[in-house]
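Trainee: Could you walk me through this model before I set anything up with it?

Mentor: Sure, fire away once it's on the screen.

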Amino acid sequence: MKFITAIIKPFKLDDVKDRLREVGVQGMTVYEVKGFGRTGGKKEVYRGSAYVVDFVPKVRIEIVVKDDIVRDVVEAIMSVARTGRIGDGKIFVTDILRVLRIRTGESDNAAL
């Protein structure tokens, strides 16, 4: 099992969600987050004064999937979330040691 974390642009969330359902993802957790990367933020003007917005709004998606669909999930996120512009985001894939469903006591793949 793998834990996939994707940081994407907020306006891409619905398209990514729809595509993930097509490849077999049955659930996910979504957070509204802020951050910055190589761009370091962006300049804005408020009441005539320029200032730098250090943190840019993003969406963080967390998914736990069986090993056999990891590649499909990553490719789905990459293809839908990509705009070709700076700030498209990142995807992190890490190993999951154990999953337990609290209600039933099922574990690992059965708990997904």
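**Salt bridges, sheet and helices**

Mentor: To kick off, the structure holds eight salt bridges, a salt bridge being a side-chain nitrogen of Lys or Arg within 4 Å of a carboxyl oxygen of Asp or Glu. Bear in mind that this is a predicted model, where local features need pLDDT of at least 70 and side-chain atom pairs count only at pLDDT 80 or more, while totals for chains, interfaces and linings use all residues. Residues are numbered from 1 along each chain as its sequence is written, and side-chain values use heavy atoms, with hydrogens and water left out.

Trainee: In what order do the four strands form the open sheet?

Mentor: Helices (H or I, at least four residues) and strands (E, at least two) are DSSP runs, numbered from the N terminus. Two strands pair if DSSP finds at least two bridges between them. Here the pairing is antiparallel, and the order is β2-β5-β1-β6.

Trainee: Which strands stand at the edges, each with a single partner strand?

Mentor: Look for strands with one side left without a neighbour in the sheet. Since each of these has a single partner strand, they're β2 (29–35) and β6 (89–95).

Trainee: What is the bridge partner of A6 in β6, and what is it in β5?

Mentor: β1 (residues 2–8) pairs with β6 over seven antiparallel bridges. Seven bridges also join β1 to β5, again running antiparallel. For A6, the partner in β6 is I91, and in β5 the partner is I61.

Trainee: And which residue in β5 is the bridge partner of G35?

Mentor: That takes us to β2 and β5, an antiparallel pair with seven bridges. On the β5 side, G35 is matched by V56.

Trainee: Which residues of α1 are buried, and what arc do they cover around the axis?

Mentor: Buried means under 20% relative accessible area, exposed over 50%, and partly exposed in between (1.4 Å probe, protein chains only). In α1 the buried ones are L13, V16 and L20. They sit on the same side of α1 because the arc, taken over the directions from the helix axis to the C-beta atoms, is only 65°.

Trainee: Which exposed residues does the face of α1 turned away from its buried side carry?

Mentor: The buried side is covered by elements including β1, β2, β5 and α2, where contact means heavy atoms within 4.5 Å. The opposite face carries the exposed R21 and E22.

Trainee: How far apart are N and O in the salt bridge of R19 and E22?

Mentor: These two are three residues apart in helix α1, so about one helical turn separates them. R19 is partly exposed at a relative accessible area of 29%, whereas E22 is exposed at 60%. Their N to O distance is 3.3 Å.

Trainee: Which residue forms a salt bridge with R98?

Mentor: R98 is exposed, with a relative accessible area of 54%. Its partner is partly exposed, at 26%. The closest N and O atoms are 3.8 Å apart, and that partner is D108.

Trainee: What is the N to O distance between E106 and R101?

Mentor: E106 counts as partly exposed at 33% relative accessibility. R101 is partly exposed too, with a relative accessible area of 27%. Their side chains meet in a salt bridge at 2.8 Å.

Trainee: Which residues are linked in a network of salt bridges?

Mentor: Here the links go beyond a pair, joining three side chains into a network. Its members are K2, D67 and D95.
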